[in-house]
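Work through the exercises below with the structure at hand, and try each task before you read its solution.

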Amino acid sequence: MSTEPVLLASLQPMVAALRADGRHVIGPTVRAGAITLAELESADDLPHGWGVELTPGGYRLRRRVDTAAFGHAAGPTSWKTWLHPPRVPLWKAHRAEDGSLTFTEPPPAVDRYAFLGVRPCDLRAIAVQRRVLGQGRFPRREHAADPLFIAVNCTEPGGTCFCVSAGGGPQADGGFDVVLTELPGPRYVAEAGSPAGERLLAALPREAAPDVTVADARAAVDGARERMGRSLPPGDLRRLLADGAESPVWDDVAQRCLSCGNCTMVCPTCFCTTVEDTTDLDGDNAGRWLRWDSCFDLDFSYLHGGPVRTSTRSRYRQWLTHKLGSWHDQFGESGCVGCGRCIVWCPVGIDITVETNRLANK
Amino acid sequence: MTGAMAPVPYRVVAREPETADTVTLSLRPLDAGIEPIAPGQFTMLYAFGVGEVPISVSGAADGRLYQTLRAVGAVTRALHDTPAGAVIGVRGPFGIGWHLPAAPGRDLVLVAGGIGLAPLRPALTEALGRRDHFRSVTLIVGARTPGDLLFTAAVAGWAAAGARVEVTVDRPADGWTGRIGVAPAVLDEVDLDPANTTAMVCGPEIMMRFTATALLRRGVRAQDVQVSLERNMRCGVAWCGHCQLGPLLLCRDGPVVDYGRAAPLLAVKEL
Amino acid sequence: MIIDATALAGHPFLAGLPASQLDVLAPLARPESYNEGVRLFREDAPAAEFWLVRTGQVALDIHLPGRGTVPLETIGTGGVVGWSWLFPPYRWHFGAIARTPVETIRFDGAGVRAAMADDAIGKELAIRFMTVVVDRLQHTRLRLLDLYGTGPGSFS
């Protein structure tokens with residue numbers, strides 16, 4: 001497998017090739033005042049020249065001075081929308097005249113995707129979700145059939161990014177088919193990470209990437225590592241959260257948190273679901289669906305007549321403790337990749353790094 | 001996804017009313033059934049068109065599955081009322097069940113509160129199947145009233161098989177000549193060697209905590225006390241995240257957990 | 001000596017009591033058996049003794065007009081029956097009856113009160129009686145919670 005970097009002058013041929021291959025190309029695009037993920041018809045749909053201002057509870061599009069397509073971060077959508085969609089059918093059931101029941105599961109998904117513009121934090125998030133849902137005793141299939149991942153290294157961290165202190169970094173580290181680094185032009189240094197990625201690049205118009213260009217690309221990514229705007233505290237966060245159940249920090253957050261659940265919707269690793277049972281009017285046909293759910297929902301912990309976690313305090317504690325602490329106990333790693341979406345999309349601007357640092361310092 | 005989420009159809013071949021609101025359903029699969037289920041493990045039982053609930057198995061023998069359930073909500077009411085001959089859905093087995101001690105010569109104490117006797121029954125049956133492995137086998141049953149006692153016809157058989165069975169009720173009825181009081185209080189009457197005791201406790205969470213405290217006060221080690229924990233369960237297969245109790249996913253790391261692990265988690269309000 | 005210190009130490013309520021204290025208590029105790037249905041004491045009667053239950057079940061009861069005598073709680077092996085002898089007005093608040101044949105150790109209440117004037121015995125027995133009362137209280141509260149119930153008034 002050749003992993004020699006190549007230089008692409010444009011992403012048009014790539015997008016066209018992927019679509020010709022029968023894949024839905026999902027990537028960032030400007031929609032309703034934000035850069036969200038959606039199906040792209042061509043590389044023109046990428047948000048060339050658009051950047052974002054990111055603050056706790058704040059997200060604004062702004063015009064860039066260049067035409068970079070990937071000069072942004074922390075949009076409100078993540079790739080879980082396609083890998084584990086918000087509502088999937090689990091089975092249909094039919095009751096026959098003799099009372100017997102037959103359960104029919106849907107066939108595996110056949111939609112083929114290419115995910116264009118996957119940031120390293122999101123690559124890690126996809127791996128985290130695969131670990132949670134795909135490696136237990138009852139693995140859950142991803143909805144996409146054999147997706148292609150075209151990652152993009154980060155050269156410009158967003159104001160709310162903290163991937164480095166979350167154990168990651170601006171450099172994609174495996175799990176991709178192709179990784180791009182965007183340089184001014186824009187031009188793209190592209191490297192294959194798999195045989196499928198190599199085949200994709202081999203079919204595109206490209207040049208060999210000069211060493212100096214490759215060095216520039218590496219330097220741009222390394223530079224991003226130093227410019228993170230915030231960080232989680234160092235040390236054993238599992239222990240910190242396990243010991244922190246009665247910390248006054250939770251009471252303080254509870255005064256601000258609306259338990260709206262935005263953080264769980266935008267978080268690329270949040271995976272909680274609920275099951276929904278339906279029936280038709282005749283009563284002979286029933287179905288079950290798997291639907292996204294949030295631990296902030298009051299019914300989430302319902303038991304014997306009421307929720308176990310009634311207070312906002314307990315629900316925020318559950319979310320943060322799970323994400324940074326008990327995720328280790330349950331799945332052997334942290335649940336947070338430092339993408340910063342929860343900070344941006346919290347309507348009151350609660351910052352997970354600030355709250356965790358408060359826990360560490362109290 | 002196969003086998004995890006699609007229920008397996010089982011026919012109700014018999015219904016045994018236990019109390020005014022509790023029934024034991026005898027179930028047979030229409031085709032191939034679920035894998036063998038161990039005492040303390042649970043299944044998700046599906047009432048067609050209504051919904052699903054987690055129920056710990058109360059017996060498994062001769063190709064039949066026995067599920068004892070109390071009608072307390074829409075789904076359990078539908079399951080409870082399922083007539084003989086009708087079909088329900090079963091998913092499972094899930095979870096970690098009761099752990100009978102491997103070391104011989106121990107005192108085995110089972111303490112059941114209310115419907116908690118149902119998940120303990122298969123553990124008792126298994127223990128009595130090799131009664132000589134234990135120095136003693138004791139079952140303490142607590143119920144609200146004499147009319148709420150489960151499996152009353154089986155008690156004589158358990159005693160004949162070598163179990164000491166002690167029953168107590170919260171509220172006596174006329175003609176009741178047995179104990180009146182809570183299950184933890186009966187522990188004081190049981191002769192056991194605390195250093196060599198394995199206890200299994202099942203019932204409402206508060207009842208389990210008081211019983212475990214009484215056992216610890218007798219000198220039984222926390223890791224030798226097993227409890228069956230309960231939280232909201234939607235999927236049973238560690239997908240949905242609902243059944244978390246701190247670091248534990250109860251469908252996968254429980255529901256049976258040793259008290260050494262459970263006690264600090266149960267002590268945190270709204271965990 | 002009708003009952004010796006070793007026999008006393010065999011009962012869980014007195015287990016671990018220093019030998020010197022057991023020697024003081026032994027003369028105040030004697031073994032007493034009751035057939036099933038025999039009453040140990042009536043409510044409102046003077047409370048002058050207490051019992052340690054060795055085997056069998058004793059029921060505490062109360063008389064309700066129109067309902068008759070209603071059992072409230074049973075006390076079995078290892079249990080203690082009666083503490084109203086410890087405080088004025090030294091009268092039973094409930095009755096007690098042998099629900100099965102019962103073997104007990106019966107203590108002279110006034111004698112034990114006098115013995116408890118000694119600080120060491122007084123403190124030791126007071127704490128042991130307190131433990132019994134606290135346990136009963138906790139158990140009563142558990143029953144109040146009606147954990148096995150599902151109707152209104154139940155906390156299950």
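**Exercise 1: where chains B and C meet**

In the contact between chain B and chain C, 21 residues of chain B touch 22 residues of chain C, where two residues are in contact if their C-beta atoms, placed from the backbone, lie within 7 Å. This is a predicted model, in which local features need pLDDT of at least 70 and side-chain atom pairs count only at pLDDT 80 or more, while totals for chains, interfaces and linings use all residues. Residues are numbered from 1 along each chain as its sequence is written, and chains are lettered from A and ligands numbered from 1 in the order in which they are written.

Task: find which elements give two or more residues to the side of chain B that touches chain C.

Solution. Begin with the elements, which are β11 (179-180), α4 (183-187) and α5 (205-217) of chain B; helices (H or I, at least four residues) and strands (E, at least two) are DSSP runs, numbered from the N terminus. Next, look for the element that gives the most, which is α5(B) with 3 residues. Finally, sort this side of chain B by class, which yields 11 nonpolar, 4 polar and 6 charged residues. Here Ala, Val, Leu, Ile, Met, Phe, Trp, Tyr, Cys and Pro count as nonpolar, Asp, Glu, Lys and Arg as charged, and the others, Gly among them, as polar.

**Exercise 2: an open sheet**

Task: give the order of the 4 strands in the open sheet of chain A, and explain why β7 and β13 each have one side without a neighbour in the sheet.

Solution. The order is β7-β6-β14-β13, with antiparallel pairing, and two strands pair if DSSP finds at least two bridges between them. In chain A, β7 (101-104) and β13 (273-279) stand at the edges and have a single partner strand each, so one side of each is left without a neighbour in the sheet. As a closer look at one pair, β13(A) and β14 (residues 285-292) of chain A are joined antiparallel over 7 bridges, and A:Thr279 stands opposite A:Ala286 in β14(A).

**Exercise 3: two domains of chain A**

Task: describe how domain 1 and domain 2 of chain A touch.

Solution. First take the bounds, 6-225 for domain 1 and 237-361 for domain 2 of chain A, which come from an automatic or database domain assignment. Then count the contact, in which 40 residues of domain 1 meet 32 residues of domain 2. On the side of domain 1 that touches domain 2, β5 (58-63), β6 (87-95) and α3 of chain A each supply at least two residues. By class, that side divides into 22 nonpolar, 11 polar and 7 charged residues.
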